[in-house]
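Here are a few notes from going through this model, written as numbered points. Have the structure open while you read.

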Amino acid sequence: MGHSAGLRAGTRYAYSRGFKRKGLINLSTYLRAYKVGDIVDVVANGAVQKGMPYKVFHGKTGIIRNVTKSAVGVILYKQVRNRYIEKHVNVRVEHVRHSRSREEFLTRVKENARKRREAKAKGETVFLKRQPAKPREAHTVSGEQKPESIAPIAYETTI
């Protein structure tokens, strides 16, 4: 038998709605404000076929380049052999959500600024670089309990 290679081939699970996520789309999806330069995740919503991104861009993160009434233009990078090509994709707002990839970075920047201000007020220097997780502290294990050897029980047939 032949193999279909259409636009939506192989998207049976990628475009399907999640558990308890079927039905009408929340109004917050349409009320969300997008600005040029925002970082967004392109995740196709199977309930809306209009303005759906091509399957290669599903799950990718990009930057908004323009905003229209019901859609946004997103700059994404697609791997083609040994390089990444910049692609400009127009996607409806149902298939886009704000990315949370920079949240941790932005909170760290604010926290470092606060620490820097406090250290400057005290006249100290502060070390702000992230450190890898250190190994656990050394400890001793008490040997009060004797080791116990465990063996399987022999199988018996009592008929």
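**Notes on the model**

1. Starting with R92: leaving out residues up to four places away in sequence, this residue touches V48, K50, G51, S70 and A71. Bear in mind throughout that this is a predicted model. R92 sits in strand 4, and its C-alpha atom is 4.9 Å from that of G51, although the two are 41 residues apart along the chain. R92 counts as partly exposed because its relative accessibility is 24%, and the buried class stops at under 20%.

2. R97 is another arginine to look at, this time in strand 5. Which residues is R97 in contact with, leaving aside neighbours within four places in sequence? They are Y34, V40, D41 and V43. With D41 the C-alpha separation is 5.4 Å, across 56 residues of chain. R97 has a relative accessible area of 45%, so it is partly exposed.

3. Next, the main nonpolar core. The largest one has twelve residues in all: Y34, V40, V42, F57, I64, V72, V74, L76, V89, V91, V93 and V96. Strand 1 (39-42), strand 3 (71-80) and strand 4 (83-92) each supply at least two of these residues. The largest share comes from strand 3, with three residues.

4. Within that core, L76 is a good residue to click on. Not counting residues up to four places away in sequence, L76 touches V42, F57, K60, T61, G62, I85, E86, K87 and V89. Among these partners, V42, F57 and V89 are themselves listed in the core.

5. Now for the largest pocket. The space in it comes to about 500 Å³. Its lining is made up of 22 residues, and those nearest the centre are R17, R21, N45, E94 and R97. Helix 1 (28-31) and strand 5 (96-98) are the elements that give two or more residues to that lining. Sorted by class, the lining holds eight nonpolar, eight polar and six charged residues. R97 from point 2 therefore turns up again here, as a partly exposed residue at 45% relative accessible area and as one of the residues nearest the pocket centre.

6. I25 is worth a look alongside the pocket. I25 lies in the segment before helix 1. Is I25 buried or exposed? At 19% relative accessibility I25 counts as buried, because the cut-off is under 20%. Leaving aside neighbours within four places in sequence, I25 is in contact with Y30, N45, A47, V48 and E94. Two of these, N45 and E94, are among the residues nearest the pocket centre. For I25 and A47, the C-alpha atoms are 8.0 Å apart in space, and the residues are 22 apart in sequence.

7. Two residues have backbone angles I would check. K20 is not a glycine, yet its phi is positive, at about 60 degrees. K20 is placed in the segment before helix 1. K20 is exposed, since its relative accessible area is 71%. R81 also has a positive phi, near 55 degrees, and R81 is a residue other than glycine. R81 is found in the loop between strand 3 and strand 4, and counts as exposed at 74% relative accessibility.

8. Last, helix 2 (residues 103-122). Why does its length look right? At 1.5 Å a residue, its 20 residues should span 28 Å, and the end C-alpha atoms are 29 Å apart, so the two values agree. Just after helix 2 comes G123, with a positive phi near 80 degrees.

Technical notes: Residues are numbered from 1 along each chain as its sequence is written. This is a predicted model: local features need pLDDT of at least 70, side-chain atom pairs count only at pLDDT 80 or more; totals for chains, interfaces and linings use all residues. Side-chain values use heavy atoms; hydrogens and water are left out. On a 1 Å grid over the protein atoms alone, a cavity is a set of points where a 1.4 Å probe fits but cannot get out, and a pocket is an open set with protein on both sides within 12 Å along at least five of seven lines; lining residues have an atom within 4 Å of a point. Grid points are joined across faces, edges and corners, and a volume is the space filled by probe spheres set on the points. Helices (H or I, at least four residues) and strands (E, at least two) are DSSP runs, numbered from the N terminus. Ala, Val, Leu, Ile, Met, Phe, Trp, Tyr, Cys and Pro count as nonpolar, Asp, Glu, Lys and Arg as charged, and the others, Gly among them, as polar. The expected span of a helix is 1.5 Å times one less than its number of residues. A nonpolar core is a set of buried Ala, Val, Leu, Ile, Met, Phe, Trp, Tyr and Cys residues joined through side-chain atoms within 4.5 Å. Buried means under 20% relative accessible area, exposed over 50%, partly exposed in between (1.4 Å probe, protein chains only). Contact means heavy atoms within 4.5 Å.
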